[in-house]
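User: I'm new to reading protein models, and I'd like a close look at one sheet. Could you walk me through it slowly?

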Amino acid sequence: MPGCDLKKELLTLIQGKQLYPLFQPVMDTVRGVVIGHEALIRGPKGHSLESPDNLFSLASKVRLLSELELACRSAAMEAFQKNSMQGKLFLNVNPNVLQDDSHPHGSTLRLSQQFGISPEQIVIEISERYPIEDTENLKHAIIHYQKLGFMIAIDDLGAGYSGLKLWSELHPDYVKIDRYFIQSLETSSVKREFVQSILSLATSLRTKVIAEGIETTDELEQLQSMGVNYCQGFLLGKPQLYPVLEVSSSLVVPNHSVALNYQTTIASVVDTIHGVSAETRSSQVLDTFTQDKTLSSLPVIYEKKVVGIIRREKVMEFFSGSYGHALYANKPVSYIMDDRPLSVDWQTSLEEVSQLITDNDEVDIYQHIIVTKRDVYYGVASIKNLLRRITDLKVTNARHANPLTQLPGNVAINQVIEDQLFRDCSFQVAYFDLNHFKPFNDIYGYEQGDQIIKWLAQILQKNLFRYGHFIGHIGGDDFVAIFKDTDKKQTEELCHKIIKDFEQDITRFYHQEHIQLGGIKALSRNGKPAFYPLLSLAIGVVQPDPSECLSHHDVALLASEAKKEAKQSDGSHCYMCHRQKPRRLRQVNLQQSDHLQYQTLS
């Protein structure tokens, strides 16, 4: 059709409201819920403009992109309302439309009001696939959307060059990793490193990550193991007229604690090396090692299972003699392989693997460990890289540990809290603080005060470590415990046990005269003499709501408020706070400097 006819055809579809959306679910595979749907627009079935590529390509050519975008948003919101859908509505937006002067301002808000959808339910997806002509104007347009209450997502992260810049400047609510990095993720160590880097950035920038384009259970399981719980793709649900509202139980991660510990498992150092069949001729393996000087070993596979490993030095040894080629060239690799390689499951902790290596006198530091997943070959891990990772983890932990108690400090505390919030996991935080500690220090000295702090640390460790709860030392006489797999009643019981142990032995740090008096006399903060009771322990316990607390800063504020409540009581007291967000959530001005100043748990 000539250009004029094409434009008329497109206008007919827009004005006649013949465009309709298909909905693809976005799922949280940890909680087993659908968090929202992406609306994908289609033209009439059988029409030359049925596909979205044809629609938007034509609209761009005939300068009807703004009109088409608005028609798509209207159709998506109308169907969202008609289907009584809950959760988020993800709307794809061409970033260049937002910069178009002819694009009517306020139209998206008017549509959301017309169809009774809260702006907080709508996520504007800015795709990185479109070349962005003016990032500065786009930035102002997106800030305008954010001020109106709409959420923002960067779509197809990794497909272009502008995504990271937009992420750093605009603080979007979501980033969606491009399908390229998800496809066969479980077999590519490079792709896993990319996804892991995105996750680390997302934790720091308080952004939720969505992996899109998931098509296989192996891809899903790999993402779940790394802590990606927001997922989208044909495996979970294809785009369809009637939205998927439930998550199949087979897609829910069986044990999300694995995801929290991915960086400390052998999976985090796995390399993808394609194995050879047990029937492969030894001469072919020799050729492989000769052509690739960096290759030190090859796993030997039979029906997807590892039956051995062939090492470079072994092959070279067999073929180095005068009759090596004659004797071994045509023999299968199974003849010269090591049929008892060190093999571990992909979820084995680095510490466990380190112990296996230590206990095995025959292991060479330059060897590889076979890594399996459900007894099927997964990859190999270099012992050298494994030891390097363990050293890095220990150095990092030591660098941020409190020097007095050697317990994890603020960095580790904040990271654990961010992990729990990021994955929408239920958890509780207990803030421990000593009452009247300064007057005690003034009378007995800092050395005796340090002894009490170390003693309190021991009480916490004795009562909490056995259950796997996290303990951190903020500084001074302030401690934090994070309870991941317990209910409030169990947490309260543990806190009362800690108070009991504290009350039972605190008097051993006092002189007899002060024990008889029930306290000490010291100068108050304004310099006047005052009487202070014996040291007691205040504990404030909170259960943050991940949807209300955006980062560890909000949890810190909530825990501080609970601790203050606990300190209002006479003597030791555990205050179980019912609020799940701080009274005053932090307000972030997106137009201010990116280097925001946060308060810590102190």
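Before we zoom in on the open sheet of 5 strands, what share of the contacts in the protein chain with a separation of 6 or more comes from residues 24 or more positions apart?

Analyst: Sure! Keep in mind that this is a predicted model. To your question: the share is 70%, counting contacts with a separation of 6 or more. For background, the chain has 602 residues, and 52% of them count as buried. Its elements are 21 helices and 22 strands.

Now to your sheet. Reading across, the strands go β17-β18-β16-β21-β22, and the pairing is mixed. At the edges you'll find β17 (470-475) and β22 (573-576). Each of them has a single partner strand, so one side of each is left without a neighbour in the sheet. On average, neighbouring strands here are turned by 20° against each other, if you ignore direction.

Let's look at one pair in the sheet. Strand β21, which covers residues 536-542, runs parallel to β22, and 4 bridges join the two. If you want a spot to click on, try Ile539: its bridge partner in β22 is Cys574.

There's also a helix to look at. Helix α19, made of residues 488-505, packs on this sheet. The strands touched by α19 are β16 (428-435), β18 (478-483), β21 and β22. Compare directions and you'll get about 170° between α19 and β21.

Finally, back out to the whole chain: the accessible surface comes to about 29,400 Å², and 49% of that belongs to carbon and sulfur atoms.

Methods. Residues are numbered from 1 along each chain as its sequence is written. This is a predicted model: local features need pLDDT of at least 70, side-chain atom pairs count only at pLDDT 80 or more; totals for chains, interfaces and linings use all residues. Side-chain values use heavy atoms; hydrogens and water are left out. Buried means under 20% relative accessible area, exposed over 50%, partly exposed in between (1.4 Å probe, protein chains only). Contact means heavy atoms within 4.5 Å. Accessible areas come from the Shrake-Rupley method with a 1.4 Å probe; for residues, only the protein chains shown count as cover. Two strands pair if DSSP finds at least two bridges between them. Axes are lines fitted to C-alpha atoms, for helices over the stretch in contact, and angles run from 0 to 180 degrees between N-to-C directions.
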